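Subject: The structure I promised you

Hi,

Here is the structure we talked about. Have a look at it first, and then read my notes with the viewer still open.

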Amino acid sequence: MPLMLLVVALVATVCALPAQAGAQPPGAQPPGAQPLPAADPGTLPPGFLWGVSSSGFQSEGSSPDSNWTRYVAAGKTDDKVGSAVDSRHRYRSDIALAKSLGVTVYRVGVEWARIEPKPGVIDRRELAYYDDMIAAIVSAGMRPMITLDHWVYPGWVAARGGWANASTPQAWLRNARFVVDRYAHDNPLWITINEPTIYIVNELRMGGLPAAASATMRDRLVDVHTSIYRYIHQRQPAAMVSSNIAYVPTVEPIVDTAFADRVRDSLDFIGLDYYYSASVTDLSAVNAATGKNWNATVSADGIYYSLRDLARRFPGKPLYVVETGMPTENGKPRPDGYRRGDHLRDLVYWVGRARADRIPVIGFNYWSLTDNYEWGSYTPRFGLYTVDVKTDPTLRRQPTDAVPAYRDITARNGVGSAYRPTRPAQWCSLAAAPASCGQPVR
């Protein structure tokens with residue numbers, strides 16, 4: 001989570017707190033507390049979608065010229081991207097790992113920089129790779145979730161000024177339509193633009209966008225999203241299309257005015273990315289902005305409040321957890337002792353609780369199938385399978401304790417009626433303040 005957004009979040013938090021919040025002892029239930037549900041939160045409904053997430057640049061390796069390879073070459077990152085986890089050549093075995101988890105959705109990116117290395121020139125070998133990858137996902141009994149833009153564009157676009165150049169939207173749409181034409185027959189779910197707000201912040205941070213052009217990029221992302229949304233539905237009438245929201249504690253309703261609110265009529269579902277939370281007694285989420293996100297609180301109950309908030313602000317829209325997970329430092333135990341398997345089960349419990357409370361969540365993807373390149377560093381690890389990129393030349397996928405946990409979850413379609421979270425809900429959560437504090441879940 002970028003520092004700028006966190007500073008805004010923490011300032012807004014102080015203003016948003018209920019006046020009595022600091023006076024209540026831990027465990028007290030204010031009058032607005034959410035009642036217990038009638039339905040079983042441990043079991044999700046039939047047809048609920050379980051999945052895993054990944055992205056192209058972060059996992060593929062063999063990276064072609066792009067804005068991000070240029071940021072790396074300019075010394076703006078801690079680590080070189082190198083081979084990443086080499087999913088470019090190991091995608092079939094990675095798909096087999098996903099299938100073994102029992103999931104039914106596999107999120108991938110089709111990288112513009114890889115398939116159009118020069119203006120108007122299609123790399124047929126790389127296109128054949130994506131053809132085979134998508135076909136392998138379908139053959140494994142999973143539905144692809146295809147991301148059209150996961151923050152990476154070709155080097156020739158970067159040379160022209162990226163999103164500050166007036167020609168970029170037209171070039172973006174030409175590529176996006178090509179991808180849609182190619183894979184619409186596989187009935188994928190679609191993510192048009194990954195976390196648009198954070199996309200803009202990263203372009204500013206890395207120098208790919210001048211500060212004066214931030215509003216221009218935002219407006220152009222709105223335009224290309226709405227345009228490709230219409231095009232996808234022409235080619236795939238029953239398509240489910242979205243652009244996922246990186247949920248910023250407390251201030252998300254304000255952040256959403258820049259993009260999500262403007263495209264709400266072009267969202268078939270609301271995609272949620274949830275990672276960090278905060279409370280009156282725990283503001284450690286600031287560590288996510290200082291490069292030590294493994295020290296940031298990852299309280300699982302925050303996903304409930306995020307879903308509830310989005311359901312209230314986007315009534316009638318299904319919700320899908322496109323990304324969620326937990327960072328560790330180089331795979332070491334977290335300072336707070338939270339294990340990946342326990343955190344995963346706790347997240348699923350709270351998603352089930354949301355569904356039991358009639359919040360229309362339809363799917364859950366874990367970020368990520370394997371560790372990968374976290375936009376400049378290999379230190380943060382999010383994978384169900386850990387990969388020690390910097391010291392293991394074999395790039396062996398080693399299962400974490402979350403692998404058997406996820407297999408059990410998909411087999412029973414939840415965590416079971418007897419399950420209770422390993423960690424208590426935060427007292428006066430600020431995930432979606434003020435409601436998450438004034439209307440806590442019991």
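Below is what I found, going from the whole chain down to single residues.

**The whole chain**

Please keep in mind that this is a predicted model. The protein chain holds 15 helices and 13 strands. Its C-alpha atoms fit in a box of roughly 65 × 45 × 45 Å along the principal axes. For 442 residues, a compact globule would have a radius of gyration near 22 Å, and the 21 Å of this chain agrees with that. As for burial, 60% of the 442 residues count as buried. If you take the contacts with a separation of 6 or more, 80% of them come from residues 24 or more positions apart.

**Helices that pack against each other**

Start with α6, residues 124-139, since it turns up in two of the pairs I looked at. One partner is α4, residues 87-100: the two axes are 10 Å apart and the angle is about 10°. Angles under 35 degrees count as roughly parallel, so α4 and α6 are roughly parallel to each other. On the α4 side the contact is made by Ser87, Arg88, Tyr91, Arg92 and Ile95, and on the α6 side by Arg125, Glu126, Tyr129, Asp132, Met133, Ala136 and Ile137. Sorted by class, that contact has six nonpolar, one polar and five charged residues.

The other partner is α8, residues 168-183. Here the axes come within 11 Å and cross at roughly 45°, and α6 and α8 are therefore oblique to each other. The crossing is right-handed. From α6, the residues in contact are Arg124, Leu127, Tyr130, Asp131 and Ile134; from α8, they are Phe178, Arg182 and Tyr183. By class this gives five nonpolar, no polar and three charged residues.

Now move along to α12 (residues 302-313) and α13 (residues 340-356). Their axes are 8 Å apart at an angle of about 30°, which makes α12 roughly parallel to α13. This crossing is right-handed too. Ile303, Tyr304 and Leu307 of α12 meet Leu347, Trp350, Val351, Arg353 and Ala354 of α13. The contact of α12 with α13 divides into seven nonpolar, no polar and one charged residue.

**A helix on the inside**

Why is α9, residues 196-206, called largely enclosed by the rest of the structure? Eight of its eleven residues are buried, so the rest of the structure largely encloses α9. The buried ones are Pro196, Ile198, Tyr199, Ile200, Val201, Asn202, Glu203 and Met206. Just after α9 you will find glycine 207, with a positive phi of about 85°.

**Odd spots in the backbone**

Some background for this part: most residues other than glycine have a negative phi, and most peptide bonds are trans. Here are the exceptions I'd look up.

- Asparagine 330 has a positive phi near 55° without being a glycine. It sits in the loop between β9 (328-329) and α13. With a relative accessible area of 37%, asparagine 330 is partly exposed.
- Cysteine 428 is not a glycine either, yet its phi is positive at about 55°. You can find cysteine 428 in the loop between α14 and α15. Its relative accessibility is 5%, so cysteine 428 counts as buried.
- Tryptophan 367 and serine 368 are joined by a cis peptide bond, with omega about 5°. Serine 368 belongs to the loop between β10 (361-367) and β11 (380-381).
- Alanine 433 and proline 434 also share a cis peptide bond, with omega near 5°. Proline 434 is in the loop between α14 (402-412) and α15 (435-438).

**One more residue to click on**

Is proline 237 buried or exposed? Proline 237 is exposed, with a relative accessible area of 65%. You'll find it in the loop between α10 (214-235) and β5 (241-242). If you want to try the distance tool, go from proline 237 to serine 429: they are 192 residues apart in sequence, and their C-alpha atoms are 40 Å apart in space.

Shout if you get lost in the viewer!

Cheers

Notes: Residues numbered from 1 in each chain as written. Predicted model: local features only at pLDDT ≥ 70, side-chain atom pairs only at ≥ 80, totals over all residues. Heavy atoms only, no water. Axes fitted to C-alpha atoms, helices over the stretch in contact; angles between N-to-C directions. Helix = DSSP H or I, 4+ residues; strand = E, 2+ residues; numbered from the N terminus. Parallel < 35°, antiparallel > 145°, perpendicular 65-115°, else oblique. Left-handed = near helix turned anticlockwise from the far one by under 90°. Contact = heavy atoms within 4.5 Å. Nonpolar A, V, L, I, M, F, W, Y, C, P; charged D, E, K, R; others polar. Rg over C-alpha atoms; globule rule 2.2 N^0.38 Å. Buried < 20%, exposed > 50% of the residue type's maximum accessible area, 1.4 Å probe, protein only.
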